[in-house]
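Reader: I'd like a close look at the aromatic side chains in this one, and how they sit within the rest of the chain. Could you walk me through it?

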Amino acid sequence: AQNNVVTLSKNFGKQREIYNGLDLGLAMRLPRGIVLQGGTSTGRVATYNCFVVDSPQQAALNCDISPPFQTQVKLLGVYPWPRWGIQTSATLQNLPGPEITAGRSYTSAEVIGSLGRSLTTGNANVPLIKPGTMYAGRLNQVDFRASKIFRFGAGSRLQANVDLYNLFNASPVLALNTTYGAAWQRPLQILQGRLLKFGVQLDL
């Protein structure tokens with residue numbers, strides 16, 4: 001038989017999701033057409049869900065999460081070479097690595113000895129690491145571009161570009177296997193390798 005009880009959520013607590021952070025940006029235009037831009041952002045999102053009443057496991061485990069502050073930095077520079085009519089630019093990104101988590105699925109046969117009964121759901125998925133406590137290495141990526149403009153006719157121009165993505169061929173991990181076992185933390189995705197690209201843009 002089912003007997004539902006409906007009451008106000010404030011009787012159990014208040015859900016919270018709070019962001020604290022600081023953003024800084026800088027843009028400079030220097031002589032000879034040199035441009036420098038950059039910024040940094042540091043912040044975190046803290047969550048509180050300890051009021052849950054229909055999932056005791058969730059209420060007691062990992063319901064109050066305050067991860068460390070994560071910082072990202074992005075820089076951009078443009079330098080024109082008047083003698084050759086070429087403009088070069090580069091960007092730098094320094095970003096936090098992906099969060100490392102671990103989870104394992106337990107069957108009734110594995111827990112019946114300690115629990116004293118079988119699981120009601122067949123399996124229990126248990127997080128083994130508290131969220132917001134472990135992170136992989138940071139991502140560093142440098143991209144480069146060189147471009148030259150050829151003008152012809154009345155207002156027409158052709159811009160030739162050479163782009164070099166991931167200049168130093170870095171290979172930071174972007175995604176990890178989170179299932180605890182032999183393949184735990186095995187990389188699922190890494191930054192794309194160095195890529196050379198040629199392009200043209202015609203404006204008439």
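Author: **The aromatic pairs and their setting**

The chain's secondary structure amounts to two helices and 12 strands, where helices (H or I, at least four residues) and strands (E, at least two) are DSSP runs, numbered from the N terminus. Reading from the N terminus, the order is β-β-α-β-β-β-β-α-β-β-β-β-β-β. The radius of gyration is 26 Å, well over the 17 Å from the globule rule for 204 residues, so the chain is more spread out than a compact globule. That radius is taken over C-alpha atoms, and the rule is 2.2 Å times the number of residues to the power 0.38.

Before going further: this is a predicted model, so local features need pLDDT of at least 70 and side-chain atom pairs count only at pLDDT 80 or more, while totals for chains, interfaces and linings use all residues. Residues are numbered from 1 along each chain as its sequence is written, and side-chain values use heavy atoms, with hydrogens and water left out.

Along the principal axes, the C-alpha atoms fill a box of roughly 85 × 40 × 30 Å. Buried residues account for 21% of the 204 residues; buried means under 20% relative accessible area, exposed over 50%, and partly exposed in between (1.4 Å probe, protein chains only). The chain exposes about 14,300 Å², and carbon and sulfur atoms supply 57% of that. Those areas come from the Shrake-Rupley method with a 1.4 Å probe, and for residues only the protein chains shown count as cover.

Now to the rings. Searching the whole structure turns up three aromatic pairs. Tyr79 and Trp81 have ring centres 4.8 Å apart and planes at 70°, so this pair is edge-to-face. The cut-offs: rings of Phe, Tyr and Trp (its six-membered ring) pair if their centres lie within 6.5 Å, and planes under 30 degrees apart count as stacked, over 60 as edge-to-face and the rest as tilted. Tyr79 is partly exposed at 27% relative accessible area, and Trp81 is partly exposed too, at 36%. Trp84 also comes into the picture, as ring pairs link Tyr79, Trp81 and Trp84 into a cluster.

Tyr180 and Trp184 make a tilted pair, with 5.5 Å from centre to centre and 55° between the planes. Both rings belong to partly exposed residues: Tyr180 has a relative accessibility of 46%, and Trp184 has 24%.

What touches Trp184 from elsewhere in the chain? One partner is Thr101, which is in contact with Ile129, Thr178 and Trp184 once residues up to four places away in sequence are set aside. Contact here means heavy atoms within 4.5 Å. Thr101 sits in the loop between E5 and strand E6 (103-107) and is partly exposed, at 26% relative accessibility. Thr101 and Ala27 are 74 residues apart along the chain, and their C-alpha atoms are separated by 38 Å.

Gln185 is in the loop between E10 and strand E11 (187-190). Its phi is positive, about 70°, although Gln185 is not a glycine. Asn169 shows a positive phi as well, about 55°, and is not a glycine either. As background, most residues other than glycine have a negative phi. Asn169 lies in the loop between strand E9 (156-165) and strand E10 (173-176). Gln185 is partly exposed at 31% relative accessibility, and Asn169 is partly exposed with a relative accessible area of 39%.

One more aromatic residue deserves a look: Phe51, in the loop between strand E2 (35-48) and helix H1 (56-60). Phe51 is partly exposed, with a relative accessible area of 23%. Leaving aside neighbours within four places in sequence, Phe51 touches Phe12, Gly13, Lys14 and Gln15. Between Phe51 and Lys74 there are 39 Å from C-alpha to C-alpha, for a sequence separation of 23 residues. Compare Leu95, in strand E5 (residues 86-95): the C-alpha atoms of Leu95 and Lys74 are separated by 8.3 Å, with their positions 21 residues apart along the chain. Beyond four places in sequence, Leu95 is in contact with Gln72, Lys74, Arg138 and Leu139.

Stepping back to the chain, 58% of contacts between residues at least 6 apart in sequence join residues at least 24 apart.
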